[in-house]
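Here are my notes after a pass through the coordinates, in no strict order. Have them open next to the viewer.

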Amino acid sequence: MASDPRYVYGVVPAAAAIEPRAEGTCTPNVLRHRGIAALVGAIPERRRMREHLLSHASLLDRLAAAGPVLPVRFGTVLPSSEAVATDFLVPRHDAFLRGLETLADRAQFTIRARYQQAEILREVLTQDPRVSRLREQAAGAGEGPAGQAARLRMGELVAGAVAAKREADTSTLVTAVRPYAIDTVVRMSRSVDADRVADIACLVPRPEQDAFVAAMEALGARWHDRVRLRLLGPMAPYDFAEGLVGAAGLIATGGRG
Amino acid sequence: MTVVASSVGYVDRPRANGLADVVDLILDKGLVIDVFLRVSLLGLELLTVDARIVVASVDTYLRFAEAVDRVVLGPAPSTNLQDLIGDGMKSGAKKSVKGAAGGAKNSIKDKLGIGDDDSDEDEDQDQGKRSRQNSGRRG
């Protein structure tokens, strides 16, 4: 009856939900309903939000290492334990259960690609003769309008070339992960003048994980001069949770893994 | 935050994710609870980050031109050159991304008092294209 707001971390199978030990600022409790359980806790102190963000992620990642977990969006608070059961677990029980079953033995990895700016510019310069011609032109023409025009045109060509590389390189990355990931979420950078290429979230079955990491290593080695790869994971399926329990149920429940 | 990179190979594999990594990984991700049920999102401005295209501008082109000017063709670049070009592009890029479209994530990062881990901009990106595929066949 009294107000008892509950911070919600995620959903796990009821059978797996033993009281998890605390993680940083998170002290999760288990709230079961039939085949599933919500992990809930006290609202974190506002001044410890930074710690809480790390603890929240650590907790979910630790649980994901031990079994399927559906992460809930960070910062979600429901008005009471009763609301967690009645309004969250009960109406979505079957969808959550199906989602958790789909996650069995699968983990998320996120691969981040960033350009080595100097090398990419060098590629553009050597690959498009117009750019080197304009570079000479600009150097010869000085600061006046002719030089400015040449610089502008050169910059425009380079911007276009880098954008095209970004698309091609994102495609290469997707091709590299495809044999190992049963699902991916691709976020290609749309910004024209930063180093980000793309971030790709991959859902990888356990038997494929070593080979997946090796494939990323191989790509990283091949790309070393021009693209740096950063591999995060295994972690909880942040990018896939909503898709798994949404109406469409995007991932096939059949297949290997 | 300690980032212990893999000492073998070319892929950076931090053993523990830093705050900037975690913000990017978990914010706006995960199960969404209907707004009518939810009490709050802890007062943070967890807005959906709009996919905003950073439109190429004259500034952008001039910065690229400047950076290309400094490119030395020939054998592998020295670290200094890379830093020089990198700094030039970074400072240029930072100027362009100010303003309203900094996005919710930047305001959250400000609230948390963190900068970007690898100093590139938190531009909005294509809202996740999913690609469904069968699990890989191997060997």
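Which side chain of chain A does B:Asp24 meet in a salt bridge? I start there, then move outward. Keep in mind that this is a predicted model.

1. **The bridge between chains.** The partner is A:Arg196, with N and O 3.4 Å apart. This pair crosses from one chain to the other: B:Asp24 belongs to helix H1 of chain B, while A:Arg196 belongs to strand E8 (residues 196–205) of chain A. As for exposure, B:Asp24 and A:Arg196 are both buried.

2. **The helix behind it.** H1(B) covers residues 19–26, and eight of its eight residues are buried, so the helix is largely enclosed by the rest of the structure. Charged side chains are on that list as well as aliphatic ones: B:Asp21 and B:Asp24 are included, and so are B:Leu19, B:Val22 and B:Ile26. Just past the end of H1(B), have a look at the backbone of B:Asp28, where phi is positive at about 65°.

3. **A charged network.** B:Asp21 turns up again in a network of salt bridges. Its other members are B:Asp12 from chain B and A:Arg112, A:Arg114, A:Asp199 and A:Arg230 from chain A. Over all chains, the structure holds 18 salt bridges.

4. **A buried pair within chain A.** A:Asp239 and A:Arg187 form a salt bridge whose closest N and O atoms are 2.5 Å apart. The two residues are 52 apart and link distant parts of the chain: A:Arg187 is in strand E7 (residues 183–188), and A:Asp239 is in the loop between strand E9 (227–235) and helix H8 (241–245). Both A:Asp239 and A:Arg187 are buried.

5. **A partly exposed pair.** A:Arg206 also has a salt bridge, this time to A:Asp105, at 3.2 Å between the closest N and O atoms. A:Arg206 sits in helix H7 (residues 206–222) and A:Asp105 in the loop between helix H3 (93–103) and strand E6 (106–115), so the pair ties together parts of chain A that are 101 residues apart in sequence. With cut-offs of 20% and 50% for the partly exposed class, A:Arg206 falls inside it at 46%, and A:Asp105 does too at 42%.

6. **A glutamine in H7.** A:Gln209 is found in helix H7 of chain A and is buried, at 13% relative accessibility. Its side chain reaches the backbone oxygen of A:Val204 at 3.0 Å. Setting aside neighbours within four places in sequence, the contacts of A:Gln209 are A:Arg106, A:Ala107, A:Phe109 and A:Val204.

7. **A serine in a loop.** What does A:Ser80 touch beyond residues up to four places away in sequence? The answer is A:Asp4, A:Pro5 and A:Arg6. The C-alpha atoms of A:Ser80 and A:Asp4 are 4.7 Å apart, although 76 residues separate them along the chain. A:Ser80 lies in the loop between strand E5 (77–78) and helix H2 (81–89), and is buried at 18% relative accessible area.

8. **Chain A overall.** Chain A has eight helices and nine strands. Its radius of gyration is 24 Å, well over the 18 Å that the globule rule gives for 257 residues, so chain A is more spread out than a compact globule. The C-alpha trace spans about 80 × 45 × 30 Å along its principal axes. Even so, 60% of the residues in chain A are buried. Of the contacts in chain A between residues at least 6 apart in sequence, 73% join residues at least 24 apart.

Technical notes
Residues numbered from 1 in each chain as written. Chains lettered and ligands numbered in written order. Predicted model: local features only at pLDDT ≥ 70, side-chain atom pairs only at ≥ 80, totals over all residues. Heavy atoms only, no water. Buried < 20%, exposed > 50% of the residue type's maximum accessible area, 1.4 Å probe, protein only. Helix = DSSP H or I, 4+ residues; strand = E, 2+ residues; numbered from the N terminus. Contact = heavy atoms within 4.5 Å. Salt bridge = Lys/Arg side-chain N within 4 Å of Asp/Glu carboxyl O. Polar contact = N/O pair within 3.5 Å; in protein donor to acceptor, adjacent residues only side chain to side chain. Rg over C-alpha atoms; globule rule 2.2 N^0.38 Å.
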